[in-house]
Amino acid sequence: MVEQVDVLVIGGGVNGVGIARDAVGRGLSVWLCERDDLASHTSSAATKLIHGGLRYLEQFEFALVGKALAEREVLLRAAPHIIWPLRFVLPHQPHLRPAWMIRIGLFLYDHLGRGRRTLPGSRRVRFAKHVTGEPMRSEFTQGFVYSDAWVQDARLVVLNAMDAVHRGAKIETHTKCISARRDGDGWIAELEKRDGTRHFVRARALVNAAGPWAASFLDEVAHVKHTHTLRLIKGSHIVVPKIFDHRYAYIFQQPDRRIVFAIPYERDFTLIGTTDIEYKADPSHPVIDAEETQYLCEAVNRYFKKQLTPKDVVWSYSGVRPLLQDEAGSASEVTRDYLLDIDQTGGGAPLLNVFGGKLTTFRKLSEEAVDKLAPLLGNDKPAWTADARPLPGGGERDIDALTDDLRATRPWLPETFAWRLTHMYGTRARDLLGEANGIEALGTHFGSDLYQAEVDYLVRHEWATEAEDILWRRSKIGLRVGPEDVQRLTEYLNHRVPKGTTTNP
């Protein structure tokens with residue numbers, strides 16, 4: 001039996017699930033397949049910011065920055081439990097950029113984009129009188145503060161997928177598209193699960209949202225000719241025990257004119273990144289190299305009193321960004337904008353290709369993609385996601401109040417545990433905890449504050465099948481557990497989710 005749908009989406013990153021959600025919300029039937037876990041590649045390896053991209057102003061990317069800043073407001077409303085405001089400090093070094101240039105840039109940053117602004121604007125600070133000056137070296141005396149936002153990136157992908165399924169989409173993880181061909185007025189795709197079983201899906205339209213593999217999908221799977229080239233850029237990050245004790249983040253200018261962030265991370269750590277390096281190898285498993293680690297340590301050592309060495313690194317991660325090929329000389333200058341290309345070779349069934357993009361603009365990209373695709377399928381329903389209800393768990397805007405309420409009704413819940421649950425699941429934290437009246441009622445303990453009740457929730461509702469899905473994508477509890485904890489969790493999941501199976505909440 002061949003399944004029939006309007007749209008088949010290839011790729012479970014942020015763009016793929018965003019397009020699936022938008023399309024199903026307009027009444028189209030949607031199927032999405034992802035060969036690995038949701039957000040298992042580029043979408044979980046970002047600097048985890050929802051931002052306009054202050055540095056892109058120097059590259060005159062005003063339209064991109066304006067679009068991203070407008071989206072920042074939309075996303076803050078959509079997911080207040082996993083996206084929250086963050087103030088950034090830019091120390092001033094006159095020999096890199098004069099103060100007047102920074103002030104002009106921040107003025108533009110405060111005013112580009114459309115619609116209501118909820119975040120405070122930029123201002124100048126003197127470090128002798130500001131909390132952010134304490135960890136900094138004495139030669140830095142003043143700087144600028146501006147607003148952006150932080151996001152739990154992989155969770156943003158999962159929540160969009162959950163909403164898409166709630167609206168009627170089907171999402172299969174660990175399912176690879178091994179062939180796709182035009183057949184009359186549609187596409188026939190053969191999908192293979194990780195246990196080797198195969199099945200066919202017939203779709204009226206195909207969406208190629210394969211990220212770093214978008215070009216190879218066309219070359220090797222769909223066999224469609226194209227003229228677009230992706231430039232793969234590896235970005236790496238390191239995590240160290242926290243080197244400052246406040247809620248501000250830092251943006252540091254480097255002698256090579258690159259930007260490096262130092263961001264409060266998971267309460268007890270500091271996230272430092274990113275690098276920008278041309279990448280030619282397989283995008284599946286990029287890893288940081290010694291030179292990148294040293295670069296990031298030196299980048300923050302120029303500014304902080306506490307000096308880091310590679311031995312301080314407790315975790316690192318790397319991702320490959322599929323950026324549109326352009327004439328930029330350096331990797332850091334390649335455009336972060338995107339291209340949506342409709343292919344109807346010979347008048348055949350539509351193929352929508354997604355090239356490039358960035359985390360902040362995924363919703364707008366998805367909206368524009370369905371705006372292009374839906375009319376070709378006889379669907380003229382309007383765009384809807386900009387003003388939609390919040391993503392799952394996002395119904396309470398005051399997350400601190402939600403945390404207090406969770407603890408008031410469950411006084412046995414430690415404060416740090418309650419904080420983590422509300423900042424991951426929002427209002428759904430109550431569903432996860434259910435009727436539990438004590439820690440013991442949450443079941444088997446897998447280290448840190450991870451219990452069986454949460455694991456079961458993630459398997460049942462969020463496509464988690466392996467320890468890495470839970471420890472490093474759905475959460476960052478991997479920073480706090482040991483090898484024995486990981487082994488016990490793996491054994492439990494092997495029993496709970498036998499190899500070769502997937503879940504579709």
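1. In this predicted model, helix α2 (residues 62-78) packs against helix α7 (residues 362-373) at an angle of about 100°, and the axes of the two helices lie 9 Å apart. Two packed helices are described by exactly these quantities, the angle between their axes and the distance between the axes. Angles of 65 to 115 degrees count as roughly perpendicular, and α2 and α7 are therefore roughly perpendicular to each other.

2. Which residues make the contact between these helices? On the side of α2 they are Lys67, Glu71, Val74 and Leu75. On the side of α7 they are Phe362, Arg363, Lys364 and Glu368. By character, the residues of this contact divide into five charged, three nonpolar and no polar.

3. Lys364 deserves separate comment. This residue lies in helix α7. Is Lys364 buried or exposed? The relative accessibility of Lys364 is 19%, and a residue under 20% is classed as buried, so Lys364 counts as buried.

4. The surroundings of Lys364 may be described in two steps. Within helix α7, the side chain of Lys364 is joined to the side chain of Glu367 by a polar contact of 3.0 Å. When neighbours within four places in sequence are left aside, Lys364 is in contact with Lys67, Glu71 and Tyr338. Of these partners, Lys67 and Glu71 belong to the α2 side of the helix contact described above.

5. His285 offers a contrasting case. This residue is placed in the loop between β15 (277-278) and α6 (290-301). The relative accessible area of His285 is 66%, and the cut-off for an exposed residue is over 50%, so His285 is exposed. How far apart are His285 and Arg202 in sequence and in space? They are separated by 83 residues in sequence and by 31 Å in space, taken from C-alpha to C-alpha.

6. The remaining points concern the protein as a whole. Its secondary structure comprises 13 helices and 18 strands. Along the principal axes, the C-alpha trace spans about 70 × 60 × 45 Å. For 505 residues, a compact globule would have a radius of gyration near 23 Å, and the value for the protein is 23 Å, so the two agree.

7. Burial and contacts may also be stated for the whole protein. Of the 505 residues, 60% are buried. Among contacts between residues at least 6 apart in sequence, 71% join residues at least 24 apart.

Note on methods. Residues numbered from 1 in each chain as written. Predicted model: local features only at pLDDT ≥ 70, side-chain atom pairs only at ≥ 80, totals over all residues. Heavy atoms only, no water. Axes fitted to C-alpha atoms, helices over the stretch in contact; angles between N-to-C directions. Helix = DSSP H or I, 4+ residues; strand = E, 2+ residues; numbered from the N terminus. Parallel < 35°, antiparallel > 145°, perpendicular 65-115°, else oblique. Contact = heavy atoms within 4.5 Å. Nonpolar A, V, L, I, M, F, W, Y, C, P; charged D, E, K, R; others polar. Buried < 20%, exposed > 50% of the residue type's maximum accessible area, 1.4 Å probe, protein only. Polar contact = N/O pair within 3.5 Å; in protein donor to acceptor, adjacent residues only side chain to side chain. Rg over C-alpha atoms; globule rule 2.2 N^0.38 Å.
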